[in-house]
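Got the viewer open? Load the model, pick a plain cartoon, and keep the selection box handy.

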Amino acid sequence: MDVLIQAFGQVFSPLSAVLVVVGTVFGIVCGALPGVSTSLAIILCLPFTYTMAPVSAVVLLIAVYVGGACGGSISAILIKTPGTPEAVATTFDGYPMAQKGQTGIALGLAVTASSFGTIFSALVMLVAAPLLAKVALSFQSAEYFGLGLLGLSCITSIAAKDQMKALLSVILGLMISTIGIDSINGAERFAFGQPFLLNGINYISVMIGAFAIAEVFKNIEEFRHRDNTLREAKVSIKLMKFAEMLKMWATFVKSSIIGVIVGIIPAAGGSISSLIAYGEASRSHAHDPIKFGEGNPRGIVAPEAANNAGVGGALVPTMVLGIPGSPVTAVIMAAFIIIGLRPGPLLLREQPVLLDSIFLALVFSALLLFVGGRFVTRQFGHILKLPYPLLGPLIVALGLVGAYSLQNSFYDVIIMLVFGLVGYFFDKFHYSNPALILGLILGELVENSLRKQIIIGDGSAIGFVERPVSLVILVMVALTFFWPLIGSLLGKGKVRAA
């Protein structure tokens, strides 16, 4: 208790409290800008921490991390361009809600789910950090393969109208993910002698093109026939009532648990946890009146709760074992070392106040998101009131900056424009852009973990079912993939019995 009181005094000192507020807002703004990742936001803050006390520096970086994890949802909802990779799944239902004039509700759900997920993961981190880190380290290639498949399984819900076209879309995404140098044997694949293809296709450029630029193309085509006065009138900045959110408590809790578990697993990352949580929510609530992909509120709650729950989860192996749980925590671990903290088994013994300080910083930042963030982010909703001749070029400009800033390369801009056309025609002929992105994001994880496990098994695939955790995940994958067929058969059985 003395340690907690000491941590409370340090986190809520005037300087640290201001740093948490500034860090949270800065993280939200950076997360909302495509191409300015949470990692970059933390790096930009790093020089200011050199002269700070360790706790003050850590709470600033943690606040930026929390704000950035939430901020990506803003552009995902407003302009169909995820500000961060973790917000990809938020686009599936967030943008349709904005199109229906429910911008404020969508933003409110995103902020509330992010706050809940952050506090949930902070509590888990405080109570069970060392134990969970040991469990996560037992994951090997077989389990990673299962997680990748579990993420892919959500195509059964995001494209329920035409499963065959969704399957073709995800296969195309998986094929594109193989472009570049093979990370296992170093072989060049589908680069056709072009140096810019050796590093593969960056899925952020593809995502901006297939979602945002394709939407601009579509709107330009429809602009002359649209009633633009109606569009402005549909924009609403109304927030969902707290009692209505309570009805979705199971989605909040289940998605946060998924986020913490996946966040703890090294290198899994928030984008995988948000996709798995989205898939689970869509499977559990397949019979909701509003279909997933058409503006279901749970389609925002699930990914946002999961990716913010991954914040606390990813910090567990970073602090306890010195192994970053995500790309962002890799930057935070480097920052720890720069300010004189050495992550690893001795960190919590040498810095007993640190764990409690991080816990309090996470909770403080999450409460700021919930209380103030709902009213700050709703102001972004006024972007939709811009006339489309202004909004369209703004979206294209943000896309160009976002794609170019990934590697300071015009090739990423070209890729974005090419996939803008691909996304436009996918929409036109009812193929699935989300399934394409899903395959591209998870392709490398699925392929590499599959090949590594077969190499470990000396050519045998028996290892996938010999390991208990892997077997459980694969059973879940099979149930998720075949659930529509099972549900249909069960439904027919009930009809016959009646």
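In which helix is Ser 365 found? Select helix α18 (residues 352-377) and you have the one that holds Ser 365. Before zooming in, note that this is a predicted model, where local features need pLDDT of at least 70, side-chain atom pairs count only at pLDDT 80 or more, and totals for chains, interfaces and linings use all residues. Residues are numbered from 1 along each chain as its sequence is written, and side-chain values use heavy atoms, with hydrogens and water left out.

**Stop 1: Ser 365**

Show Ser 365 as sticks: it counts as buried, at 0% relative accessibility. (Buried is under 20% relative accessible area, exposed over 50%, partly exposed in between, with a 1.4 Å probe and protein chains only.) Now add Val 20, Thr 24, Ala 63 and Val 66, which Ser 365 contacts once neighbours within four places in sequence are set aside. Contact here means heavy atoms within 4.5 Å.

**Stop 2: zoom out**

Colour by secondary structure and you get 23 helices and two strands. These are DSSP runs numbered from the N terminus: H or I of at least four residues for helices, E of at least two for strands. Of the 498 residues in the protein, 55% are buried. Take the contacts with a separation of 6 or more: 77% of them come from residues 24 or more positions apart.

**Stop 3: the nonpolar core**

Next, select Met 125, Ile 358 and Leu 362, which touch the most other members of the largest nonpolar core, a set of 132 residues. Such a core is made of buried Ala, Val, Leu, Ile, Met, Phe, Trp, Tyr and Cys residues joined through side-chain atoms within 4.5 Å. Helix α4 (residues 54-79) gives the most to this core, 17 residues. Centre on Leu 362 and, skipping neighbours within four places in sequence, look for its contacts, among them Ile 62, Val 66, Thr 118, Met 125 and Leu 315.

**Stop 4: α9 against α21**

Hide everything but helix α9 (residues 163-176) and helix α21 (residues 433-456): they pack at about 35°, with axes 7 Å apart. The axes are lines fitted to C-alpha atoms over the stretch in contact, and angles run from 0 to 180 degrees between N-to-C directions. On the α9 side, pick residues including Ala 166, Val 170 and Gly 173; on the α21 side, the contact residues include Ala 435, Gly 439 and Gly 443. The contact divides into eight nonpolar, four polar and no charged residues. (Ala, Val, Leu, Ile, Met, Phe, Trp, Tyr, Cys and Pro count as nonpolar, Asp, Glu, Lys and Arg as charged, the others, Gly among them, as polar.)

**Stop 5: salt bridges**

How many salt bridges does the structure hold? There are seven, each a side-chain nitrogen of Lys or Arg within 4 Å of a carboxyl oxygen of Asp or Glu. Stay on α21 and pick Arg 451, whose side chain meets that of Asp 182 at 2.8 Å, N to O. The partners are 269 residues apart, with Asp 182 in the loop between β1 (180-181) and β2 (188-189). Asp 182 is buried at 3% relative accessibility, while Arg 451 is partly exposed at 23%. Add Arg 189 and Glu 447 to see the salt-bridge network that links them with Asp 182 and Arg 451.

Last, jump to Glu 280 and Lys 254, bridged at 3.2 Å, N to O. Glu 280 lies in helix α14 (residues 270-284) and Lys 254 in helix α13 (residues 249-264), so the pair ties together parts 26 residues apart in sequence.
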